[in-house]
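Here is a short tour for anyone meeting this structure for the first time. Have a look at the picture, then read on.

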Amino acid sequence: GKRGFCSVNIEKDMMNSEIGFGRRILQAFEDNGISFEHVPSGIDTMTVFVHQDEFMDKEQNVVAAIHRLAKPDMIHRAVQPDFVEMESDLALIAVVGRGMRSTRGTAGRIFSALAHANINVKMIDQGSSELNIIIGVSDGDFENAIRAIYNMFVLVQL
């Protein structure tokens, strides 16, 4: 796991059917010299996790670029995002293991451990390879989250 992230949450109805939308969003970060750590997405949402210390001074430039690059044009027929929101002071935790693919209940054990530790999960993403689950939590919950997951898989070994 690692602390010090912020997320930029972009919502737009039917973004999944708009060709090139994700590329244009990521271009806003690239044009400002910011690499991304993680990009989970859904049908109408896309979240870009970046290192907070790299992003804070460029926040307004990136948001302006997102709106500029996603604005309507004759080629893409793009429409600006419905909503752009930032959240700071986040941590990302990757639970990794080759046995996860064939073991039922792994995700349930992770989230049960976090719930029992009274930790709010802000983001969940399971990679397509099923070798990891990435979880976003508040920076302040980072150590307790790591401890809860460790205790569930190493000490308890259900």
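Strands β2 and β3 make a hairpin, with six residues sitting between them. Keep in mind that this is a predicted model. The two strands run antiparallel to each other and pair over two bridges. If you want to find the pairing by eye, look for F36, which stands opposite V50 in β3.

On its other pairing, β3 meets β1. Strand β1 covers residues 2-11 and β3 covers residues 45-51, and the two pair in the antiparallel sense over seven bridges. Two of the facing pairs are easy to pick out: V8 stands opposite V48 in β3, and S7 has F49 of β3 as its bridge partner. How enclosed is β3 by the rest of the structure? Six of its seven residues are buried, so β3 is largely enclosed.

Now step back to the sheet as a whole. Six strands form an open sheet, and going across it you meet them in the order β2-β3-β1-β4-β6-β5, with antiparallel pairing. Which strands sit at the edges? They are β2 (36-38) and β5 (123-126), each of which pairs on one side only. From one strand to the next, the twist averages 40 degrees. As a bit of background, strands of a sheet pair through backbone hydrogen bonds, in either a parallel or an antiparallel way.

Two helices that pack on this sheet are worth a look. Helix α3, residues 59-69, touches β1 and β4 (83-96), and its direction makes about 105 degrees with that of β4. Helix α5, residues 142-156, also packs on the sheet, touching β1, β4 and β6 (132-138). The direction of α5 makes about 35 degrees with that of β4.

How does all this line up along the chain? There are five helices and six strands, and from the N terminus on they run β-α-β-β-α-α-β-α-β-β-α. The C-alpha atoms fill a box of roughly 60 × 35 × 25 Å along the principal axes. Of the 158 residues in the chain, 38% are buried. Long-range contacts carry a good share here: among contacts with a separation of 6 or more, 70% are between residues 24 or more positions apart.

The outside can be summed up with a few numbers too. The chain exposes about 9100 Å², and carbon and sulfur atoms supply 50% of that. As for charge, the chain has 15 positive and 21 negative charges, and the mean positions of the two sets are 7 Å apart.

A few single residues round off the picture. Here is where four of them stand on accessibility.

| Residue | Relative accessible area | Class |
|---|---|---|
| E18 | 12% | buried |
| M56 | 37% | partly exposed |
| D89 | 42% | partly exposed |
| N118 | 69% | exposed |

E18 is in the loop between β1 and α1 (21-31). Why does E18 count as buried? Its relative accessible area is 12%, and buried means under 20%. E18 also gives a feel for distances in the model: E18 and N120 are 102 residues apart in sequence and 32 Å apart in space, C-alpha to C-alpha.

M56 lies in the loop between α2 (52-55) and α3. How far is M56 from C6 in sequence and in space? The two are 50 residues apart in sequence and 8.9 Å apart in space, going from C-alpha to C-alpha.

D89 and N118 are there for their backbone angles. Most residues other than glycine have a negative phi. D89, which is not a glycine, has a positive phi of about 60 degrees, and D89 is found in strand β4. N118 is another residue other than glycine with a positive phi, near 60 degrees. Where is N118 placed? N118 is in the loop between α4 (106-116) and β5.

Key:
Residues numbered from 1 in each chain as written. Predicted model: local features only at pLDDT ≥ 70, side-chain atom pairs only at ≥ 80, totals over all residues. Heavy atoms only, no water. Helix = DSSP H or I, 4+ residues; strand = E, 2+ residues; numbered from the N terminus. Buried < 20%, exposed > 50% of the residue type's maximum accessible area, 1.4 Å probe, protein only. Contact = heavy atoms within 4.5 Å. Areas by Shrake-Rupley, 256 points an atom, 1.4 Å probe, with all protein chains shown as cover. Lys, Arg positive; Asp, Glu negative; His and termini not counted. Charge placed at Lys NZ, Arg CZ, Asp CG, Glu CD. Pairing = 2+ DSSP bridges. Axes fitted to C-alpha atoms, helices over the stretch in contact; angles between N-to-C directions.
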